Amino acid sequence: METDQYVIKQISIFSENRPGRLAAIAQAMEEEKVNIFAFSIAEADQFGVVRALVNHTEKAHKKLTSMGFIVSFTDVIAVRMRDEPGGLYAIAKVLGEAQINIDYAYAYSGRDAAVLILRVNNVKDAITTLLEHGVTLIENSFFR
Amino acid sequence: MFWNKKMETLQGDKLAVLQHKRLTWTLHQIDKVPFYHQRLKEAGISAGDIRSLEDVEKLPFTNKKDLQGGYPFGFLAVPLNQVVRIHTTSGTTGKPTVVGYTRQDLDNWSELIARNLTMVGLAEGDVFQNMVNYGLFTGGLGFHYGAEKIGLTVIPSATGNTKRQIEMIRDFGVTAIHCTPSYALHIAEVTEEMGVDLPSLKVGMFGAEAWSESMRSELQRRLKVNAFDSYGLSEMYGPGVAFECPEKEGLHIWHDCLLTEIIDPKSGERVAEGERGELVITPLVKEAMPLIRYRTGDITRLIEDGCPCGRGQKIGRITGRSDDMLVIRGINVFPSQIEHVLRSLPEVGDQFMVIIDRINYLDEMTIEVEMNREYFSGELRDLAKVQHKISSALRDVLGLRTTIKLVEPGSLPRFEGKAKRVIDRRGQLW
(Lines give C-alpha, C1' and ligand atoms only; values in the text may rest on other atoms or scores of the structure.)
Protein backbone atom coordinates (compact mmCIF):
# COMPACT_ATOMS: atom_id res chain seq x y z
CA MET A 1 0.00 0.00 0.00
CA GLU A 2 1.22 3.48 -0.89
CA THR A 3 1.64 5.41 2.36
CA ASP A 4 3.96 8.29 1.45
CA GLN A 5 1.23 10.79 0.74
CA TYR A 6 0.04 10.47 4.35
CA VAL A 7 3.40 11.24 5.92
CA ILE A 8 3.29 14.84 7.08
CA LYS A 9 6.26 16.99 8.01
CA GLN A 10 5.87 18.65 11.35
CA ILE A 11 8.42 21.35 12.16
CA SER A 12 10.12 20.90 15.53
CA ILE A 13 11.88 23.94 16.98
CA PHE A 14 14.39 23.86 19.83
CA SER A 15 13.62 26.67 22.21
CA GLU A 16 15.07 27.86 25.47
CA ASN A 17 12.53 27.95 28.23
CA ARG A 18 12.28 31.73 28.63
CA PRO A 19 9.70 34.44 27.96
CA GLY A 20 9.30 35.68 24.41
CA ARG A 21 10.53 32.65 22.49
CA LEU A 22 7.09 31.54 21.30
CA ALA A 23 6.25 35.14 20.39
CA ALA A 24 9.40 35.30 18.26
CA ILE A 25 8.40 32.12 16.43
CA ALA A 26 4.81 33.23 15.95
CA GLN A 27 5.85 36.66 14.71
CA ALA A 28 8.17 35.11 12.16
CA MET A 29 5.32 32.95 10.89
CA GLU A 30 3.09 35.98 10.56
CA GLU A 31 5.76 37.84 8.58
CA GLU A 32 6.09 34.90 6.21
CA LYS A 33 2.30 34.55 5.94
CA VAL A 34 2.54 31.01 7.20
CA ASN A 35 -0.59 29.67 8.84
CA ILE A 36 -0.22 27.48 11.90
CA PHE A 37 -2.87 24.75 11.95
CA ALA A 38 -1.83 23.33 15.26
CA PHE A 39 1.06 23.41 17.67
CA SER A 40 2.15 22.10 21.01
CA ILE A 41 4.99 22.77 23.40
CA ALA A 42 6.92 19.96 25.07
CA GLU A 43 8.99 21.07 27.98
CA ALA A 44 11.97 19.75 29.94
CA ASP A 45 13.40 21.70 32.87
CA GLN A 46 15.57 24.18 30.95
CA PHE A 47 14.38 24.02 27.36
CA GLY A 48 11.53 22.89 25.19
CA VAL A 49 10.53 21.80 21.74
CA VAL A 50 7.81 23.69 19.91
CA ARG A 51 6.03 21.44 17.42
CA ALA A 52 3.90 22.93 14.72
CA LEU A 53 1.91 21.88 11.72
CA VAL A 54 1.88 24.70 9.18
CA ASN A 55 0.76 25.27 5.61
CA HIS A 56 4.18 26.21 4.16
CA THR A 57 6.67 23.89 5.81
CA GLU A 58 9.76 24.76 3.77
CA LYS A 59 9.16 28.50 4.04
CA ALA A 60 8.74 28.22 7.82
CA HIS A 61 11.89 26.10 8.15
CA LYS A 62 13.95 28.54 6.10
CA LYS A 63 12.74 31.60 7.98
CA LEU A 64 13.26 30.14 11.44
CA THR A 65 16.71 28.78 10.55
CA SER A 66 17.76 32.18 9.21
CA MET A 67 16.74 33.66 12.57
CA GLY A 68 19.12 31.28 14.31
CA PHE A 69 16.58 28.74 15.56
CA ILE A 70 17.42 25.07 15.42
CA VAL A 71 14.65 23.46 13.41
CA SER A 72 14.11 19.94 12.19
CA PHE A 73 11.35 18.02 10.46
CA THR A 74 9.52 15.20 12.16
CA ASP A 75 7.22 12.72 10.39
CA VAL A 76 3.71 12.69 11.80
CA ILE A 77 0.30 11.63 10.58
CA ALA A 78 -2.96 13.61 10.67
CA VAL A 79 -6.12 11.69 11.34
CA ARG A 80 -9.61 12.96 10.70
CA MET A 81 -11.59 12.38 13.88
CA ARG A 82 -15.30 12.53 14.57
CA ASP A 83 -15.89 15.58 16.78
CA GLU A 84 -18.18 13.72 19.21
CA PRO A 85 -17.85 11.32 22.15
CA GLY A 86 -15.93 8.22 21.10
CA GLY A 87 -14.05 9.93 18.26
CA LEU A 88 -10.63 9.62 19.90
CA TYR A 89 -11.35 6.14 21.22
CA ALA A 90 -12.02 4.82 17.72
CA ILE A 91 -8.55 5.78 16.63
CA ALA A 92 -6.57 5.02 19.77
CA LYS A 93 -8.15 1.55 19.98
CA VAL A 94 -7.05 0.63 16.47
CA LEU A 95 -3.47 1.67 17.14
CA GLY A 96 -3.38 0.02 20.55
CA GLU A 97 -4.58 -3.29 19.20
CA ALA A 98 -1.93 -3.13 16.48
CA GLN A 99 0.76 -2.56 19.13
CA ILE A 100 1.66 0.85 17.69
CA ASN A 101 2.85 3.30 20.30
CA ILE A 102 1.85 6.95 20.31
CA ASP A 103 4.86 9.07 21.37
CA TYR A 104 2.83 12.23 21.51
CA ALA A 105 -0.28 13.75 20.02
CA TYR A 106 -2.11 17.02 19.71
CA ALA A 107 -5.27 18.03 17.97
CA TYR A 108 -7.15 20.87 16.38
CA SER A 109 -10.72 21.38 15.41
CA GLY A 110 -11.02 22.10 11.70
CA ARG A 111 -13.99 23.34 9.66
CA ASP A 112 -15.61 19.99 9.08
CA ALA A 113 -13.95 17.67 11.58
CA ALA A 114 -11.41 17.49 14.36
CA VAL A 115 -7.86 16.55 13.34
CA LEU A 116 -5.61 14.46 15.51
CA ILE A 117 -1.89 14.72 14.90
CA LEU A 118 0.09 11.69 15.92
CA ARG A 119 3.77 10.97 16.34
CA VAL A 120 4.05 7.17 16.43
CA ASN A 121 6.90 4.70 16.67
CA ASN A 122 6.11 3.17 13.29
CA VAL A 123 4.63 5.62 10.81
CA LYS A 124 4.14 3.19 7.92
CA ASP A 125 2.34 0.54 9.99
CA ALA A 126 0.18 3.16 11.63
CA ILE A 127 -0.94 4.51 8.26
CA THR A 128 -1.70 1.04 6.88
CA THR A 129 -3.56 -0.06 9.99
CA LEU A 130 -5.66 3.06 10.22
CA LEU A 131 -6.59 2.94 6.54
CA GLU A 132 -7.54 -0.74 6.80
CA HIS A 133 -9.90 0.18 9.60
CA GLY A 134 -11.57 2.81 7.46
CA VAL A 135 -10.08 5.82 9.25
CA THR A 136 -9.57 8.90 7.08
CA LEU A 137 -6.07 10.32 6.96
CA ILE A 138 -5.25 13.77 5.65
CA GLU A 139 -2.78 13.84 2.77
CA ASN A 140 0.36 15.89 3.08
CA SER A 141 -0.60 18.00 0.03
CA PHE A 142 -3.13 19.67 2.31
CA PHE A 143 -0.30 21.16 4.42
CA ARG A 144 1.79 22.59 1.61
CA MET B 1 63.56 27.96 9.18
CA PHE B 2 65.53 29.97 11.70
CA TRP B 3 65.72 33.69 12.31
CA ASN B 4 68.75 33.50 14.60
CA LYS B 5 70.01 29.94 14.36
CA LYS B 6 72.95 30.41 16.71
CA MET B 7 70.86 31.67 19.63
CA GLU B 8 67.84 29.47 18.92
CA THR B 9 69.87 26.28 19.02
CA LEU B 10 72.31 27.24 21.78
CA GLN B 11 72.41 24.42 24.33
CA GLY B 12 74.52 22.78 27.01
CA ASP B 13 77.58 24.55 28.41
CA LYS B 14 77.59 27.33 25.87
CA LEU B 15 74.03 28.23 26.85
CA ALA B 16 74.84 28.01 30.56
CA VAL B 17 77.82 30.35 30.20
CA LEU B 18 75.73 32.91 28.31
CA GLN B 19 72.86 32.64 30.81
CA HIS B 20 75.23 33.11 33.73
CA LYS B 21 76.83 36.14 32.16
CA ARG B 22 73.43 37.67 31.48
CA LEU B 23 72.15 36.77 34.95
CA THR B 24 75.09 38.61 36.48
CA TRP B 25 74.26 41.64 34.35
CA THR B 26 70.60 41.41 35.41
CA LEU B 27 71.56 41.31 39.09
CA HIS B 28 73.43 44.59 38.63
CA GLN B 29 70.47 46.02 36.78
CA ILE B 30 67.93 45.13 39.48
CA ASP B 31 70.13 46.75 42.10
CA LYS B 32 69.08 50.08 40.57
CA VAL B 33 65.48 49.35 41.63
CA PRO B 34 64.98 50.45 45.26
CA PHE B 35 62.50 47.59 45.87
CA TYR B 36 65.08 44.96 44.88
CA HIS B 37 67.96 46.74 46.56
CA GLN B 38 65.99 46.58 49.80
CA ARG B 39 64.73 43.03 49.28
CA LEU B 40 68.17 41.57 48.55
CA LYS B 41 69.60 43.41 51.52
CA GLU B 42 66.89 41.92 53.76
CA ALA B 43 67.63 38.49 52.33
CA GLY B 44 71.34 39.04 52.98
CA ILE B 45 72.27 38.30 49.38
CA SER B 46 74.44 40.29 47.04
CA ALA B 47 75.14 39.81 43.34
CA GLY B 48 78.48 38.22 44.22
CA ASP B 49 76.74 35.32 46.02
CA ILE B 50 75.27 34.08 42.75
CA ARG B 51 78.27 32.16 41.44
CA SER B 52 76.41 29.66 39.30
CA LEU B 53 73.04 29.34 37.65
CA GLU B 54 71.97 26.96 40.43
CA ASP B 55 72.45 29.77 42.94
CA VAL B 56 69.45 31.55 41.45
CA GLU B 57 67.41 29.48 43.89
CA LYS B 58 68.80 31.62 46.70
CA LEU B 59 67.07 34.68 45.27
CA PRO B 60 63.63 35.72 46.48
CA PHE B 61 60.60 35.48 44.19
CA THR B 62 58.82 38.44 42.64
CA ASN B 63 55.06 38.22 42.26
CA LYS B 64 52.29 40.25 40.68
CA LYS B 65 51.40 41.93 43.99
CA ASP B 66 54.96 43.25 44.29
CA LEU B 67 54.66 44.84 40.86
CA GLN B 68 51.26 46.33 41.66
CA GLY B 69 52.77 47.79 44.83
CA GLY B 70 55.33 49.60 42.71
CA TYR B 71 52.65 51.38 40.65
CA PRO B 72 53.39 53.34 38.52
CA PHE B 73 57.17 53.46 38.01
CA GLY B 74 58.58 51.74 41.09
CA PHE B 75 60.16 48.89 39.09
CA LEU B 76 61.99 50.95 36.50
CA ALA B 77 65.76 50.51 36.54
CA VAL B 78 66.35 53.35 34.10
CA PRO B 79 65.25 57.01 34.14
CA LEU B 80 61.92 57.64 32.44
CA ASN B 81 63.62 59.51 29.59
CA GLN B 82 65.15 56.22 28.47
CA VAL B 83 61.77 54.50 28.47
CA VAL B 84 60.37 54.72 24.95
CA ARG B 85 57.13 52.86 25.55
CA ILE B 86 54.76 51.87 28.33
CA HIS B 87 52.24 49.04 28.34
CA THR B 88 49.97 48.10 31.22
CA THR B 89 48.05 44.93 32.03
CA SER B 90 44.28 45.03 32.25
CA GLY B 91 44.22 45.42 36.02
CA THR B 92 41.18 43.23 36.53
CA THR B 93 42.66 42.05 39.82
CA GLY B 94 43.56 45.35 41.46
CA LYS B 95 45.89 48.06 40.18
CA PRO B 96 47.27 47.61 36.66
CA THR B 97 50.86 46.48 36.26
CA VAL B 98 52.98 49.01 34.38
CA VAL B 99 55.71 47.72 32.07
CA GLY B 100 58.36 50.04 30.62
CA TYR B 101 60.58 49.35 27.59
CA THR B 102 63.85 50.91 26.49
CA ARG B 103 64.69 51.02 22.80
CA GLN B 104 66.87 47.93 23.33
CA ASP B 105 63.98 46.13 25.09
CA LEU B 106 61.74 46.76 22.09
CA ASP B 107 64.45 45.44 19.78
CA ASN B 108 64.87 42.31 21.87
CA TRP B 109 61.12 41.78 21.95
CA SER B 110 60.83 42.09 18.16
CA GLU B 111 63.72 39.65 17.87
CA LEU B 112 61.76 37.02 19.84
CA ILE B 113 58.62 37.57 17.77
CA ALA B 114 60.74 37.35 14.60
CA ARG B 115 62.10 33.97 15.75
CA ASN B 116 58.57 32.68 16.44
CA LEU B 117 57.13 33.81 13.13
CA THR B 118 60.06 32.37 11.20
CA MET B 119 59.82 29.13 13.18
CA VAL B 120 56.24 28.52 11.97
CA GLY B 121 57.33 29.09 8.39
CA LEU B 122 56.46 32.72 7.77
CA ALA B 123 58.75 34.95 5.71
CA GLU B 124 58.77 37.85 3.26
CA GLY B 125 55.88 37.41 0.88
CA ASP B 126 53.44 36.36 3.61
CA VAL B 127 50.51 38.64 4.42
CA PHE B 128 49.78 38.85 8.13
CA GLN B 129 46.58 40.12 9.76
CA ASN B 130 47.01 40.96 13.44
CA MET B 131 43.53 40.72 14.96
CA VAL B 132 44.19 41.72 18.55
CA ASN B 133 43.77 44.94 20.52
CA TYR B 134 46.40 47.50 19.52
CA GLY B 135 46.32 49.64 22.65
CA LEU B 136 47.94 48.95 25.96
CA PHE B 137 47.58 45.20 25.39
CA THR B 138 50.99 43.90 24.35
CA GLY B 139 49.66 41.48 21.72
CA GLY B 140 49.04 44.18 19.12
CA LEU B 141 52.24 46.20 18.90
CA GLY B 142 54.40 43.24 20.00
CA PHE B 143 53.47 41.04 17.05
CA HIS B 144 53.29 44.06 14.77
CA TYR B 145 56.95 45.08 15.03
CA GLY B 146 58.25 41.52 15.01
CA ALA B 147 56.29 40.86 11.82
CA GLU B 148 57.58 44.01 10.15
CA LYS B 149 61.10 43.04 11.20
CA ILE B 150 61.02 39.85 9.14
CA GLY B 151 59.35 41.61 6.24
CA LEU B 152 55.78 40.33 6.40
CA THR B 153 53.08 42.52 4.89
CA VAL B 154 51.28 43.53 8.07
CA ILE B 155 47.60 44.44 8.34
CA PRO B 156 47.06 46.03 11.77
CA SER B 157 43.36 45.21 11.73
CA ALA B 158 42.97 45.03 15.54
CA THR B 159 39.64 43.62 16.79
CA GLY B 160 36.04 44.26 15.89
CA ASN B 161 33.95 44.35 12.72
CA THR B 162 34.31 40.66 12.06
CA LYS B 163 32.79 40.75 8.56
CA ARG B 164 35.29 43.39 7.49
CA GLN B 165 38.11 41.26 8.97
CA ILE B 166 36.94 38.34 6.84
CA GLU B 167 36.68 40.49 3.72
CA MET B 168 40.25 41.69 4.26
CA ILE B 169 41.56 38.14 4.69
CA ARG B 170 39.94 37.29 1.36
CA ASP B 171 40.71 40.49 -0.55
CA PHE B 172 44.31 40.91 0.64
CA GLY B 173 45.21 37.22 0.32
CA VAL B 174 46.11 36.97 4.01
CA THR B 175 48.24 33.90 4.75
CA ALA B 176 48.64 34.23 8.53
CA ILE B 177 46.50 35.52 11.37
CA HIS B 178 47.07 36.17 15.05
CA CYS B 179 44.21 36.45 17.56
CA THR B 180 42.75 34.80 20.64
CA PRO B 181 41.44 31.28 20.02
CA SER B 182 37.93 32.43 20.97
CA TYR B 183 38.00 35.17 18.37
CA ALA B 184 39.32 32.72 15.79
CA LEU B 185 36.31 30.54 16.46
CA HIS B 186 34.03 33.51 15.99
CA ILE B 187 35.78 34.29 12.70
CA ALA B 188 35.12 30.69 11.61
CA GLU B 189 31.48 30.97 12.62
CA VAL B 190 30.90 34.25 10.76
CA THR B 191 32.81 33.00 7.70
CA GLU B 192 30.46 30.00 7.55
CA GLU B 193 27.42 32.25 7.99
CA MET B 194 28.62 34.43 5.11
CA GLY B 195 28.93 31.27 3.01
CA VAL B 196 32.52 32.08 1.98
CA ASP B 197 35.90 30.44 2.52
CA LEU B 198 39.41 31.71 3.25
CA PRO B 199 41.56 29.94 0.66
CA SER B 200 44.74 32.00 1.17
CA LEU B 201 45.00 31.30 4.91
CA LYS B 202 47.64 28.80 6.05
CA VAL B 203 48.87 29.75 9.54
CA GLY B 204 46.90 30.70 12.66
CA MET B 205 48.74 31.87 15.77
CA PHE B 206 46.55 31.86 18.84
CA GLY B 207 47.32 33.06 22.33
CA ALA B 208 46.42 35.21 25.36
CA GLU B 209 44.23 32.47 26.79
CA ALA B 210 44.60 28.76 27.50
CA TRP B 211 43.12 26.56 24.77
CA SER B 212 42.82 22.84 24.34
CA GLU B 213 43.83 20.26 21.73
CA SER B 214 40.18 19.78 20.76
CA MET B 215 39.98 23.53 20.14
CA ARG B 216 43.05 23.15 17.93
CA SER B 217 41.41 20.44 15.80
CA GLU B 218 38.27 22.50 15.53
CA LEU B 219 40.12 25.67 14.44
CA GLN B 220 42.28 23.73 12.00
CA ARG B 221 39.27 22.05 10.46
CA ARG B 222 37.08 25.13 10.20
CA LEU B 223 39.66 27.75 9.22
CA LYS B 224 41.91 25.31 7.30
CA VAL B 225 45.01 26.67 9.05
CA ASN B 226 47.91 25.10 10.83
CA ALA B 227 47.27 26.35 14.39
CA PHE B 228 50.14 27.30 16.70
CA ASP B 229 50.08 28.15 20.39
CA SER B 230 51.65 31.44 21.46
CA TYR B 231 52.54 32.16 25.07
CA GLY B 232 53.60 35.35 26.72
CA LEU B 233 52.99 37.78 29.53
CA SER B 234 53.34 41.55 29.72
CA GLU B 235 55.91 41.31 32.51
CA MET B 236 58.25 39.53 30.03
CA TYR B 237 57.57 42.04 27.19
CA GLY B 238 54.32 40.38 26.11
CA PRO B 239 53.75 37.60 23.57
CA GLY B 240 56.79 35.82 22.20
CA VAL B 241 58.04 34.23 25.41
CA ALA B 242 57.36 30.72 24.13
CA PHE B 243 55.90 29.40 20.90
CA GLU B 244 55.19 26.13 19.15
CA CYS B 245 57.40 24.94 16.33
CA PRO B 246 55.90 22.77 13.55
CA GLU B 247 56.58 19.67 15.69
CA LYS B 248 54.19 21.10 18.34
CA GLU B 249 54.19 18.89 21.49
CA GLY B 250 55.14 21.88 23.63
CA LEU B 251 56.46 25.40 23.20
CA HIS B 252 60.05 26.51 22.73
CA ILE B 253 60.98 29.06 25.35
CA TRP B 254 63.91 31.33 24.50
CA HIS B 255 66.58 30.25 26.96
CA ASP B 256 69.17 32.84 25.93
CA CYS B 257 66.80 35.59 27.13
CA LEU B 258 64.76 33.87 29.83
CA LEU B 259 65.91 31.67 32.70
CA THR B 260 63.12 29.26 33.57
CA GLU B 261 62.29 27.25 36.68
CA ILE B 262 59.26 25.15 37.59
CA ILE B 263 58.24 25.30 41.24
CA ASP B 264 55.61 23.85 43.50
CA PRO B 265 53.25 26.83 43.86
CA LYS B 266 52.60 26.00 47.52
CA SER B 267 56.09 25.32 48.88
CA GLY B 268 58.07 27.43 46.40
CA GLU B 269 60.51 24.50 46.01
CA ARG B 270 61.62 23.39 42.58
CA VAL B 271 59.76 20.33 41.33
CA ALA B 272 61.53 17.25 39.98
CA GLU B 273 62.54 17.34 36.31
CA GLY B 274 59.49 16.99 34.09
CA GLU B 275 56.90 17.49 36.83
CA ARG B 276 54.14 20.04 36.56
CA GLY B 277 54.25 23.25 38.54
CA GLU B 278 54.27 27.02 38.30
CA LEU B 279 56.50 28.62 35.70
CA VAL B 280 59.00 31.07 37.21
CA ILE B 281 61.04 33.27 34.85
CA THR B 282 64.08 35.47 35.36
CA PRO B 283 64.43 37.61 32.25
CA LEU B 284 68.10 37.93 31.33
CA VAL B 285 68.27 40.95 29.02
CA LYS B 286 65.58 43.31 30.25
CA GLU B 287 66.84 46.87 30.75
CA ALA B 288 63.90 49.05 31.76
CA MET B 289 62.20 46.54 34.01
CA PRO B 290 64.51 43.73 35.08
CA LEU B 291 62.90 41.10 37.31
CA ILE B 292 64.12 38.14 39.29
CA ARG B 293 62.27 34.85 39.68
CA TYR B 294 58.94 36.21 38.52
CA ARG B 295 56.06 33.90 39.41
CA THR B 296 53.93 33.74 36.27
CA GLY B 297 51.00 31.92 37.87
CA ASP B 298 50.98 29.64 34.82
CA ILE B 299 51.04 25.88 35.28
CA THR B 300 53.29 23.87 32.97
CA ARG B 301 56.26 21.48 32.95
CA LEU B 302 59.63 21.21 31.25
CA ILE B 303 59.59 18.69 28.42
CA GLU B 304 62.53 16.40 27.75
CA ASP B 305 65.14 17.85 25.44
CA GLY B 306 65.57 16.77 21.87
CA CYS B 307 63.00 18.43 19.62
CA PRO B 308 63.79 17.39 16.02
CA CYS B 309 63.77 21.05 14.97
CA GLY B 310 67.03 21.56 16.85
CA ARG B 311 65.90 24.25 19.23
CA GLY B 312 66.16 24.11 23.02
CA GLN B 313 64.04 22.63 25.76
CA LYS B 314 60.28 23.13 25.51
CA ILE B 315 57.58 23.81 28.08
CA GLY B 316 54.22 22.05 27.99
CA ARG B 317 51.16 23.94 26.81
CA ILE B 318 49.71 26.05 29.57
CA THR B 319 46.57 24.38 30.91
CA GLY B 320 45.53 27.42 32.87
CA ARG B 321 46.70 30.20 35.08
CA SER B 322 46.62 29.47 38.76
CA ASP B 323 44.36 32.58 38.96
CA ASP B 324 41.87 30.91 36.61
CA MET B 325 41.63 27.77 38.68
CA LEU B 326 38.21 27.23 40.21
CA VAL B 327 37.69 25.32 43.40
CA ILE B 328 34.31 23.61 43.22
CA ARG B 329 33.31 21.61 46.30
CA GLY B 330 37.02 21.29 47.04
CA ILE B 331 37.98 20.03 43.58
CA ASN B 332 40.35 22.02 41.38
CA VAL B 333 38.93 22.78 37.95
CA PHE B 334 40.53 24.72 35.10
CA PRO B 335 38.12 26.24 32.58
CA SER B 336 40.37 24.79 29.86
CA GLN B 337 39.49 21.26 31.04
CA ILE B 338 35.80 22.02 30.61
CA GLU B 339 36.52 23.44 27.18
CA HIS B 340 38.47 20.36 26.17
CA VAL B 341 35.59 18.05 27.11
CA LEU B 342 32.94 20.17 25.41
CA ARG B 343 34.86 20.61 22.17
CA SER B 344 35.37 16.88 21.86
CA LEU B 345 31.58 16.31 21.75
CA PRO B 346 30.03 16.90 18.31
CA GLU B 347 26.62 17.69 19.83
CA VAL B 348 28.07 20.84 21.39
CA GLY B 349 27.99 24.06 19.36
CA ASP B 350 30.43 26.96 19.42
CA GLN B 351 30.13 28.61 22.81
CA PHE B 352 29.66 27.80 26.43
CA MET B 353 29.46 29.66 29.70
CA VAL B 354 30.20 28.39 33.21
CA ILE B 355 28.14 29.77 36.08
CA ILE B 356 28.98 28.97 39.67
CA ASP B 357 26.58 29.54 42.53
CA ARG B 358 26.54 28.61 46.14
CA ILE B 359 23.20 27.05 47.02
CA ASN B 360 22.65 25.87 50.58
CA TYR B 361 26.39 26.08 51.29
CA LEU B 362 27.20 23.90 48.27
CA ASP B 363 28.97 25.00 45.13
CA GLU B 364 26.83 24.35 42.08
CA MET B 365 28.29 24.56 38.61
CA THR B 366 25.90 25.18 35.71
CA ILE B 367 27.23 25.06 32.19
CA GLU B 368 25.25 26.72 29.47
CA VAL B 369 26.05 25.00 26.21
CA GLU B 370 25.03 26.05 22.74
CA MET B 371 23.54 23.17 20.77
CA ASN B 372 25.01 22.10 17.46
CA ARG B 373 22.08 22.46 15.06
CA GLU B 374 23.11 19.33 13.12
CA TYR B 375 22.33 17.23 16.19
CA PHE B 376 18.75 18.28 16.81
CA SER B 377 16.41 15.45 15.92
CA GLY B 378 13.29 17.31 16.97
CA GLU B 379 12.70 14.96 19.89
CA LEU B 380 12.81 16.03 23.49
CA ARG B 381 14.23 12.72 24.67
CA ASP B 382 17.21 13.09 22.30
CA LEU B 383 17.94 16.47 23.86
CA ALA B 384 17.87 14.86 27.29
CA LYS B 385 20.35 12.26 25.99
CA VAL B 386 22.69 15.01 24.81
CA GLN B 387 22.42 16.69 28.21
CA HIS B 388 23.24 13.43 29.92
CA LYS B 389 26.16 12.70 27.60
CA ILE B 390 27.72 16.09 28.31
CA SER B 391 27.37 15.82 32.06
CA SER B 392 28.79 12.27 32.11
CA ALA B 393 31.78 13.30 30.02
CA LEU B 394 32.43 16.19 32.41
CA ARG B 395 32.01 13.98 35.46
CA ASP B 396 34.59 11.54 34.04
CA VAL B 397 37.19 14.27 33.61
CA LEU B 398 36.45 16.65 36.47
CA GLY B 399 35.01 14.27 39.01
CA LEU B 400 32.14 16.68 39.51
CA ARG B 401 28.42 16.74 38.99
CA THR B 402 27.33 19.66 36.81
CA THR B 403 24.01 20.97 35.54
CA ILE B 404 23.92 21.25 31.77
CA LYS B 405 21.64 23.80 30.24
CA LEU B 406 21.24 23.55 26.47
CA VAL B 407 20.76 26.91 24.78
CA GLU B 408 20.11 28.12 21.25
CA PRO B 409 23.11 28.67 18.96
CA GLY B 410 24.20 32.28 18.86
CA SER B 411 22.63 33.13 22.21
CA LEU B 412 25.82 33.23 24.32
CA PRO B 413 28.31 36.12 24.16
CA ARG B 414 31.17 36.12 21.63
CA PHE B 415 34.56 37.55 22.56
CA GLU B 416 37.02 39.54 20.48
CA GLY B 417 39.79 39.62 23.06
CA LYS B 418 40.31 37.32 26.00
CA ALA B 419 37.20 35.24 26.58
CA LYS B 420 35.39 35.49 29.92
CA ARG B 421 33.58 32.19 30.14
CA VAL B 422 33.22 31.89 33.89
CA ILE B 423 30.75 33.77 36.04
CA ASP B 424 31.42 33.07 39.69
CA ARG B 425 28.47 34.27 41.76
CA ARG B 426 29.56 32.73 45.04
CA GLY B 427 30.83 35.99 46.51
CA GLN B 428 33.08 35.90 49.55
CA LEU B 429 33.17 32.93 51.85
CA TRP B 430 33.20 34.99 55.02
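The following dialogue works through selected features of a predicted model with chains A and B.

Reader: Which conventions govern the numbering and the use of confidence values?

Author: Residues are numbered from 1 along each chain as its sequence is written, and chains are lettered from A and ligands numbered from 1 in the order in which they are written. As the model is predicted, local features need pLDDT of at least 70 and side-chain atom pairs count only at pLDDT 80 or more, while totals for chains, interfaces and linings use all residues.

Reader: What secondary structure does chain A contain, and in which pattern?

Author: Helices (H or I, at least four residues) and strands (E, at least two) are DSSP runs, numbered from the N terminus. Chain A has 4 helices and 6 strands, in the sequence pattern β-α-β-β-α-β-α-β-β-α. With a radius of gyration of 16 Å, close to the 15 Å of the globule rule for 144 residues, chain A is as compact as a globular protein of that length. That radius is taken over C-alpha atoms, and the rule is 2.2 Å times the number of residues to the power 0.38. The C-alpha atoms fill a box of roughly 45 × 30 × 30 Å along the principal axes.

Reader: How is chain A divided into domains, and how many residues of each are in contact?

Author: Domain bounds come from an automatic or database domain assignment; here they give domain 1 (6-75) and domain 2 (77-143) of chain A. Their centres, over C-alpha atoms, are separated by 22 Å. Two residues are in contact if their C-beta atoms, placed from the backbone, lie within 7 Å. By this criterion, 12 residues of domain 1 of chain A are in contact with 14 residues of domain 2 of chain A. On the domain 1 side, strand E2 (36-43) and strand E4 (70-81) of chain A are the elements that give two or more residues, and E2(A) supplies the largest share, 4 residues.

Reader: Where is the largest nonpolar core centred, in terms of the residues that touch the most other members?

Author: In soluble globular proteins, nonpolar side chains tend to be buried together. A nonpolar core is a set of buried Ala, Val, Leu, Ile, Met, Phe, Trp, Tyr and Cys residues joined through C-beta atoms within 7 Å. A residue is buried if 20 or more other C-beta atoms lie within 10 Å of its own, exposed if 12 or fewer, and partly exposed in between, with C-beta atoms placed from the backbone. In the largest core, of 81 residues, B:Leu117, B:Ala184, B:Leu219 and B:Leu258 touch the most other members. Helix H5 (residues 103-119) of chain B gives the most to this core, with 6 residues. A second, separate core of 59 residues includes A:Ile11, A:Ile77, A:Ala126 and B:Val369.

Reader: Which residues of helix H7 of chain B are buried, and what do they pack against?

Author: An α-helix has 3.6 residues a turn, so residues three or four places apart point the same way. In H7 (residues 162-171) of chain B, the buried residues are B:Gln165, B:Ile166 and B:Ile169. They lie on the same side of H7(B), because they cover an arc of only 95° around the axis, the arc being that of the directions from the helix axis to the C-beta atoms. These buried residues pack against strand E3 (127-130) and helix H8 (181-194) of chain B. The face turned away from the buried side carries the exposed residues B:Arg164 and B:Asp171.
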